[in-house]
Amino acid sequence: MKFIDEAKILVIAGNGGNGCISFRREKYIPNGGPNGGDGGDGGSIYLLANKNINTLINYYFIKKFQAKSGKHGMSRGCNGKKGKDLILTVPIGTRIKDKNTGEIIGDMIFHKQKIIIAKGGWHGLGNIHFKSSINRTPRQNTLGTIGENREIILELLLLADVGMLGLPNSGKSTFIRSISAAKPKVSDYPFTTLIPSLGMVHMNNKKKFIIADIPGLIKGASSGAGLGIRFLKHLERCYILLHLIDIAPIYGYNPIDSIKIIINELYKYNKNLLQKPHWLVFNKIDLLNKKETHELIKKILKKIKWKDKYYLISAKNHQGINILCWDIMNFITNQYKLKNNKNNI
(Lines give C-alpha, C1' and ligand atoms only; values in the text may rest on other atoms or scores of the structure.)
Protein backbone atom coordinates (compact mmCIF):
# COMPACT_ATOMS: atom_id res chain seq x y z
CA MET A 1 0.00 0.00 0.00
CA LYS A 2 1.29 3.45 -0.91
CA PHE A 3 2.53 5.48 2.05
CA ILE A 4 0.61 8.77 2.21
CA ASP A 5 1.29 10.90 5.29
CA GLU A 6 -0.59 14.10 4.44
CA ALA A 7 -3.98 14.92 2.94
CA LYS A 8 -6.17 18.01 2.60
CA ILE A 9 -9.92 17.44 2.65
CA LEU A 10 -13.18 19.36 2.89
CA VAL A 11 -15.68 18.14 5.48
CA ILE A 12 -19.31 19.31 5.38
CA ALA A 13 -21.70 18.43 8.18
CA GLY A 14 -25.40 17.98 7.46
CA ASN A 15 -27.92 20.80 7.81
CA GLY A 16 -30.69 20.68 10.36
CA GLY A 17 -34.20 20.06 9.06
CA ASN A 18 -36.81 22.83 9.23
CA GLY A 19 -39.71 22.79 11.66
CA CYS A 20 -43.18 22.27 10.21
CA ILE A 21 -46.21 24.56 10.32
CA SER A 22 -49.29 22.35 10.46
CA PHE A 23 -52.69 22.17 12.15
CA ARG A 24 -54.75 19.19 13.20
CA ARG A 25 -57.69 18.74 10.88
CA GLU A 26 -60.04 15.84 11.54
CA LYS A 27 -63.74 15.33 11.16
CA TYR A 28 -65.74 16.39 14.20
CA ILE A 29 -62.65 18.03 15.75
CA PRO A 30 -62.78 21.72 14.91
CA ASN A 31 -59.86 23.98 15.82
CA GLY A 32 -57.56 21.02 16.42
CA GLY A 33 -54.57 23.20 17.11
CA PRO A 34 -50.99 23.19 15.88
CA ASN A 35 -49.24 19.87 15.33
CA GLY A 36 -46.15 20.73 13.25
CA GLY A 37 -43.18 18.57 14.21
CA ASP A 38 -39.52 19.45 14.59
CA GLY A 39 -36.86 18.87 11.96
CA GLY A 40 -34.05 16.40 12.46
CA ASP A 41 -30.51 17.35 13.46
CA GLY A 42 -27.90 17.29 10.72
CA GLY A 43 -25.30 14.55 10.75
CA SER A 44 -21.90 15.35 12.23
CA ILE A 45 -18.50 14.21 10.97
CA TYR A 46 -16.12 12.34 13.28
CA LEU A 47 -12.60 10.99 13.01
CA LEU A 48 -11.89 7.56 14.48
CA ALA A 49 -8.36 6.26 15.09
CA ASN A 50 -7.70 2.72 13.91
CA LYS A 51 -4.50 0.82 14.71
CA ASN A 52 -4.98 -1.45 11.69
CA ILE A 53 -4.32 1.23 9.07
CA ASN A 54 -1.05 3.09 8.53
CA THR A 55 -1.64 5.47 5.63
CA LEU A 56 -3.93 8.33 4.64
CA ILE A 57 -4.41 6.97 1.12
CA ASN A 58 -8.21 6.94 1.58
CA TYR A 59 -8.11 10.73 1.56
CA TYR A 60 -5.61 11.14 -1.27
CA PHE A 61 -8.08 10.79 -4.14
CA ILE A 62 -11.38 11.71 -2.47
CA LYS A 63 -11.23 15.27 -1.16
CA LYS A 64 -14.81 16.02 -0.11
CA PHE A 65 -16.83 14.29 2.63
CA GLN A 66 -20.38 15.26 3.48
CA ALA A 67 -22.75 13.99 6.18
CA LYS A 68 -26.49 13.64 5.64
CA SER A 69 -28.86 16.51 6.42
CA GLY A 70 -31.80 16.13 8.80
CA LYS A 71 -35.30 15.70 7.36
CA HIS A 72 -37.91 18.42 7.74
CA GLY A 73 -40.61 18.14 10.38
CA MET A 74 -44.06 16.85 9.39
CA SER A 75 -47.66 17.20 10.45
CA ARG A 76 -49.26 15.21 13.28
CA GLY A 77 -46.32 16.08 15.51
CA CYS A 78 -43.92 13.88 13.53
CA ASN A 79 -40.30 14.93 13.83
CA GLY A 80 -37.91 14.69 10.90
CA LYS A 81 -35.30 11.96 10.81
CA LYS A 82 -31.83 12.84 12.06
CA GLY A 83 -29.09 12.95 9.44
CA LYS A 84 -26.66 10.03 9.64
CA ASP A 85 -23.25 10.84 11.11
CA LEU A 86 -20.19 10.24 8.98
CA ILE A 87 -17.20 8.51 10.61
CA LEU A 88 -13.81 8.70 8.89
CA THR A 89 -11.12 6.28 10.04
CA VAL A 90 -7.50 7.44 10.24
CA PRO A 91 -4.24 5.88 11.45
CA ILE A 92 -3.06 6.32 15.02
CA GLY A 93 -0.72 9.30 15.07
CA THR A 94 -2.84 11.52 12.81
CA ARG A 95 -2.84 15.23 13.62
CA ILE A 96 -5.79 17.35 12.44
CA LYS A 97 -5.26 21.02 11.56
CA ASP A 98 -7.59 23.71 10.28
CA LYS A 99 -6.30 24.66 6.82
CA ASN A 100 -7.33 28.32 7.07
CA THR A 101 -6.24 29.13 10.64
CA GLY A 102 -3.49 26.58 11.22
CA GLU A 103 -5.19 25.64 14.52
CA ILE A 104 -4.55 22.08 15.71
CA ILE A 105 -7.99 20.52 16.14
CA GLY A 106 -6.78 17.29 17.70
CA ASP A 107 -4.26 14.45 17.84
CA MET A 108 -5.30 10.84 17.34
CA ILE A 109 -2.90 8.99 19.62
CA PHE A 110 -4.72 5.83 20.76
CA HIS A 111 -6.89 3.11 19.21
CA LYS A 112 -10.61 3.91 18.87
CA GLN A 113 -10.11 7.55 19.87
CA LYS A 114 -12.97 9.56 18.39
CA ILE A 115 -13.30 13.32 17.92
CA ILE A 116 -15.82 15.52 16.17
CA ILE A 117 -14.46 17.77 13.42
CA ALA A 118 -17.68 19.19 11.94
CA LYS A 119 -20.88 19.61 13.96
CA GLY A 120 -24.21 18.98 12.27
CA GLY A 121 -26.83 21.71 12.11
CA TRP A 122 -29.43 22.06 14.87
CA HIS A 123 -33.03 21.08 14.11
CA GLY A 124 -35.75 23.67 13.51
CA LEU A 125 -38.82 23.80 15.75
CA GLY A 126 -42.36 23.11 14.54
CA ASN A 127 -45.27 25.40 15.34
CA ILE A 128 -46.41 23.05 18.12
CA HIS A 129 -43.81 24.78 20.31
CA PHE A 130 -45.28 28.26 19.81
CA LYS A 131 -48.86 27.74 21.00
CA SER A 132 -49.95 29.68 24.03
CA SER A 133 -53.08 30.96 25.74
CA ILE A 134 -52.99 34.05 23.58
CA ASN A 135 -51.79 32.43 20.38
CA ARG A 136 -53.93 29.39 19.62
CA THR A 137 -52.98 29.18 15.93
CA PRO A 138 -49.30 29.96 15.71
CA ARG A 139 -47.92 30.23 12.22
CA GLN A 140 -44.36 30.26 13.41
CA ASN A 141 -41.54 27.80 13.05
CA THR A 142 -37.76 27.94 12.99
CA LEU A 143 -35.43 26.80 10.27
CA GLY A 144 -32.70 24.27 10.81
CA THR A 145 -29.19 25.69 11.08
CA ILE A 146 -26.42 25.11 8.56
CA GLY A 147 -23.92 22.37 9.39
CA GLU A 148 -20.28 23.26 9.89
CA ASN A 149 -17.96 22.98 6.95
CA ARG A 150 -14.20 23.36 7.08
CA GLU A 151 -11.07 22.48 5.20
CA ILE A 152 -8.71 20.39 7.25
CA ILE A 153 -5.22 18.99 6.89
CA LEU A 154 -4.53 15.44 8.05
CA GLU A 155 -0.89 14.84 8.97
CA LEU A 156 0.31 11.37 9.90
CA LEU A 157 3.11 11.53 12.47
CA LEU A 158 4.69 8.18 13.24
CA LEU A 159 4.53 7.21 16.90
CA ALA A 160 8.12 6.25 17.70
CA ASP A 161 10.27 6.51 20.82
CA VAL A 162 13.48 7.06 18.85
CA GLY A 163 14.04 8.94 15.61
CA MET A 164 17.04 8.53 13.34
CA LEU A 165 18.41 11.18 11.04
CA GLY A 166 21.51 11.73 8.99
CA LEU A 167 22.85 12.27 5.50
CA PRO A 168 22.13 9.67 2.80
CA ASN A 169 24.30 6.55 3.09
CA SER A 170 25.12 7.15 6.75
CA GLY A 171 23.90 3.64 7.57
CA LYS A 172 20.48 4.32 9.10
CA SER A 173 18.72 1.51 7.25
CA THR A 174 21.48 -0.97 8.04
CA PHE A 175 21.27 0.03 11.70
CA ILE A 176 17.51 -0.43 11.96
CA ARG A 177 17.77 -3.80 10.16
CA SER A 178 20.41 -4.93 12.65
CA ILE A 179 18.34 -4.18 15.76
CA SER A 180 14.78 -4.92 14.62
CA ALA A 181 12.71 -6.97 12.20
CA ALA A 182 12.20 -3.95 9.91
CA LYS A 183 13.61 -4.46 6.42
CA PRO A 184 14.17 -1.09 4.74
CA LYS A 185 16.07 -1.19 1.46
CA VAL A 186 19.88 -1.09 1.74
CA SER A 187 22.18 -0.28 -1.19
CA ASP A 188 25.46 1.48 -1.88
CA TYR A 189 23.83 4.53 -3.44
CA PRO A 190 22.02 7.53 -1.84
CA PHE A 191 18.28 7.80 -1.20
CA THR A 192 17.50 4.10 -0.97
CA THR A 193 15.07 5.02 1.83
CA LEU A 194 12.20 6.90 0.20
CA ILE A 195 9.58 6.63 2.95
CA PRO A 196 9.82 6.41 6.76
CA SER A 197 9.91 2.97 8.32
CA LEU A 198 9.34 1.75 11.88
CA GLY A 199 11.14 -0.99 13.74
CA MET A 200 10.31 -2.63 17.07
CA VAL A 201 13.43 -3.31 19.15
CA HIS A 202 13.00 -6.07 21.75
CA MET A 203 15.61 -5.88 24.51
CA ASN A 204 14.03 -8.72 26.53
CA ASN A 205 10.56 -10.15 27.17
CA LYS A 206 9.32 -6.97 28.84
CA LYS A 207 11.42 -4.11 27.49
CA LYS A 208 11.10 -2.78 23.96
CA PHE A 209 11.07 0.49 22.07
CA ILE A 210 10.07 1.74 18.61
CA ILE A 211 12.58 3.39 16.31
CA ALA A 212 11.82 5.41 13.16
CA ASP A 213 14.08 5.66 10.13
CA ILE A 214 13.40 8.66 7.87
CA PRO A 215 14.88 9.37 4.43
CA GLY A 216 18.30 11.04 4.51
CA LEU A 217 18.64 14.80 4.45
CA ILE A 218 21.03 16.81 2.34
CA LYS A 219 22.21 20.40 2.42
CA GLY A 220 19.37 22.69 1.40
CA ALA A 221 16.65 20.23 2.42
CA SER A 222 14.75 23.04 4.18
CA SER A 223 14.51 24.74 0.76
CA GLY A 224 13.25 21.58 -0.95
CA ALA A 225 16.52 19.97 -2.07
CA GLY A 226 16.58 16.19 -2.28
CA LEU A 227 13.55 14.71 -0.60
CA GLY A 228 13.13 17.97 1.32
CA ILE A 229 12.07 18.08 4.95
CA ARG A 230 8.52 16.73 4.69
CA PHE A 231 9.46 13.63 6.70
CA LEU A 232 11.03 15.55 9.61
CA LYS A 233 7.59 15.92 11.18
CA HIS A 234 7.79 12.21 12.06
CA LEU A 235 10.47 13.07 14.63
CA GLU A 236 8.30 15.48 16.60
CA ARG A 237 6.87 12.83 18.97
CA CYS A 238 10.16 11.01 19.58
CA TYR A 239 11.80 11.10 23.01
CA ILE A 240 15.29 11.08 21.57
CA LEU A 241 17.04 11.66 18.24
CA LEU A 242 19.93 9.52 17.01
CA HIS A 243 22.16 11.30 14.53
CA LEU A 244 24.10 8.75 12.47
CA ILE A 245 27.37 9.91 10.92
CA ASP A 246 29.48 8.03 8.40
CA ILE A 247 32.91 8.20 10.03
CA ALA A 248 34.73 7.14 6.87
CA PRO A 249 32.77 8.48 3.87
CA ILE A 250 33.95 7.30 0.47
CA TYR A 251 32.49 10.42 -1.11
CA GLY A 252 30.51 13.41 0.04
CA TYR A 253 30.91 15.47 3.20
CA ASN A 254 33.39 14.81 5.97
CA PRO A 255 31.93 13.94 9.42
CA ILE A 256 32.20 17.50 10.77
CA ASP A 257 30.38 19.03 7.82
CA SER A 258 27.71 16.31 7.87
CA ILE A 259 26.95 17.03 11.55
CA LYS A 260 26.67 20.78 10.91
CA ILE A 261 24.44 20.27 7.86
CA ILE A 262 21.90 18.16 9.72
CA ILE A 263 21.81 20.47 12.76
CA ASN A 264 21.36 23.48 10.49
CA GLU A 265 18.49 21.84 8.59
CA LEU A 266 16.79 20.89 11.88
CA TYR A 267 17.13 24.48 13.07
CA LYS A 268 15.54 25.84 9.89
CA TYR A 269 12.69 23.34 10.06
CA ASN A 270 11.76 23.51 13.74
CA LYS A 271 13.91 24.84 16.57
CA ASN A 272 11.98 22.67 19.04
CA LEU A 273 13.50 19.53 17.52
CA LEU A 274 16.93 20.74 18.63
CA GLN A 275 15.65 20.86 22.21
CA LYS A 276 15.16 17.09 22.22
CA PRO A 277 17.96 14.84 23.54
CA HIS A 278 20.29 14.41 20.57
CA TRP A 279 22.98 11.71 20.53
CA LEU A 280 25.71 11.38 17.94
CA VAL A 281 26.31 7.86 16.61
CA PHE A 282 29.49 7.44 14.59
CA ASN A 283 28.94 4.51 12.25
CA LYS A 284 31.23 2.30 10.12
CA ILE A 285 34.08 2.17 12.65
CA ASP A 286 35.03 -1.20 11.10
CA LEU A 287 36.55 0.74 8.20
CA LEU A 288 39.24 2.32 10.44
CA ASN A 289 41.63 0.90 12.99
CA LYS A 290 41.05 1.70 16.67
CA LYS A 291 43.77 4.36 16.91
CA GLU A 292 42.58 6.22 13.81
CA THR A 293 39.00 6.09 15.06
CA HIS A 294 39.69 7.60 18.49
CA GLU A 295 41.94 10.31 17.09
CA LEU A 296 39.30 11.27 14.54
CA ILE A 297 36.46 11.27 17.09
CA LYS A 298 38.49 13.40 19.49
CA LYS A 299 39.15 15.91 16.71
CA ILE A 300 35.48 16.03 15.65
CA LEU A 301 34.09 16.50 19.17
CA LYS A 302 36.58 19.28 19.88
CA LYS A 303 35.79 21.03 16.60
CA ILE A 304 32.01 21.05 17.11
CA LYS A 305 32.26 21.54 20.92
CA TRP A 306 30.02 18.54 21.57
CA LYS A 307 29.08 17.98 25.23
CA ASP A 308 26.25 15.46 24.91
CA LYS A 309 26.44 11.67 24.49
CA TYR A 310 28.09 9.97 21.53
CA TYR A 311 28.63 6.36 20.48
CA LEU A 312 30.89 4.40 18.16
CA ILE A 313 29.26 1.55 16.25
CA SER A 314 29.41 -0.60 13.18
CA ALA A 315 25.84 -1.38 12.15
CA LYS A 316 27.12 -3.92 9.62
CA ASN A 317 29.25 -5.88 12.11
CA HIS A 318 27.03 -5.21 15.18
CA GLN A 319 29.85 -3.49 17.09
CA GLY A 320 28.69 -1.25 19.93
CA ILE A 321 25.04 -1.91 19.13
CA ASN A 322 24.08 -3.60 22.41
CA ILE A 323 25.44 -0.81 24.65
CA LEU A 324 23.70 1.86 22.57
CA CYS A 325 20.34 0.03 22.60
CA TRP A 326 20.39 -0.52 26.36
CA ASP A 327 21.23 3.15 26.96
CA ILE A 328 18.30 4.08 24.73
CA MET A 329 16.02 1.65 26.59
CA ASN A 330 17.00 3.02 30.01
CA PHE A 331 16.56 6.61 28.82
CA ILE A 332 13.09 5.92 27.41
CA THR A 333 12.04 4.07 30.57
CA ASN A 334 12.95 7.15 32.62
CA GLN A 335 11.02 9.38 30.19
CA TYR A 336 7.91 7.21 30.58
CA LYS A 337 8.22 7.47 34.37
CA LEU A 338 8.52 11.26 34.23
CA LYS A 339 5.55 11.47 31.89
CA ASN A 340 3.38 9.28 34.15
CA ASN A 341 4.36 11.30 37.22
CA LYS A 342 3.30 14.52 35.50
CA ASN A 343 -0.04 12.97 34.48
CA ASN A 344 -0.68 11.87 38.08
CA ILE A 345 -0.08 15.33 39.55
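**Figure 1. Phe61 and its ring partner Tyr60.** In this predicted model, Phe61 is out in the open: its relative accessible area is 66%, so it counts as exposed. Tyr60 is partly exposed, at 35% relative accessibility. The two rings make an edge-to-face aromatic pair, with 5.0 Å from centre to centre and 85 degrees between their planes.

**Figure 2. Tyr59 and Phe65, an aromatic pair made of buried residues.** Here we have another of the 5 aromatic pairs counted in the model. The ring centres of Tyr59 and Phe65 are 5.4 Å apart, and the planes meet at 65 degrees, which is over the 60-degree cut-off, so this pair is edge-to-face. Tyr59 is buried, with just 4% relative accessible area. Phe65 is buried as well, at 12%.

**Figure 3. The largest nonpolar core.** This core has 25 residues, and the members touching the most others are Phe175, Phe209, Ile211, Leu242 and Leu324. Which elements give it two or more residues? They are helices H1 (172-179) and H4 (321-344), along with strands E9 (162-165), E11 (208-213), E12 (240-246) and E13 (278-283). H4 is the top contributor, supplying 7 residues.

**Figure 4. Leu242 and its surroundings.** What does Leu242 touch once its neighbours within four places in sequence are set aside? The contacts include a run of residues, Val162, Gly163, Met164 and Leu165. Phe175 and Ile211 are also in contact with Leu242, as are Trp279 and Val281. Leu324 and Ile328 round out the list.

**Figure 5. A second core, separate from the one above.** This one has 22 residues, among them Val11, Ile45, Phe65 and Ile117. Phe65 is a residue to look for here, since the edge-to-face pair with Tyr59 also involves its ring.

**Figure 6. Rings in a group, and a ring under a charge.** Trp279, Tyr311 and Phe331 come together as one aromatic cluster. Trp279 also turns up among the contacts of Leu242. Elsewhere, Lys114 places its charged end over the ring of Tyr46, at 4.6 Å from the ring centre.

**Figure 7. Cysteines without a disulfide.** How many disulfides does the model have? The count is 0. Take Cys20: the closest cysteine sulfur belongs to Cys78 and is 9.3 Å away, so the gap is too far for a bond. A disulfide would need the two sulfur atoms within 2.5 Å. Cys20 is buried, at 15% relative accessibility. Cys325 is buried too, with a relative accessible area of 4%.

**Figure 8. Glu265, a buried residue in helix H2.** Is Glu265 buried or exposed? Although its side chain is an acid by name, the value to look at is its relative accessibility of 2%, so Glu265 counts as buried. Glu265 belongs to helix H2, which covers residues 255-269. Leu232 is 33 residues away in sequence, yet the two C-alpha atoms are 9.8 Å apart in space.

**Figure 9. Stepping back to the whole protein.** The close-ups belong to a protein with 4 helices and 14 strands. Of its 345 residues, 46% are buried. Looking at contacts between residues at least 6 apart in sequence, 73% link residues at least 24 apart. The protein exposes about 19,000 Å², and carbon and sulfur atoms account for 52% of that area.

Terms used:
Residues numbered from 1 in each chain as written. Predicted model: local features only at pLDDT ≥ 70, side-chain atom pairs only at ≥ 80, totals over all residues. Heavy atoms only, no water. Core = buried A, V, L, I, M, F, W, Y, C linked by side-chain atoms within 4.5 Å. Buried < 20%, exposed > 50% of the residue type's maximum accessible area, 1.4 Å probe, protein only. Contact = heavy atoms within 4.5 Å. Phe/Tyr/Trp six-rings, centres within 6.5 Å; stacked < 30°, edge-to-face > 60°. Lys NZ or Arg CZ within 6 Å of the ring centre and 35° of its normal. Areas by Shrake-Rupley, 256 points an atom, 1.4 Å probe, with all protein chains shown as cover.
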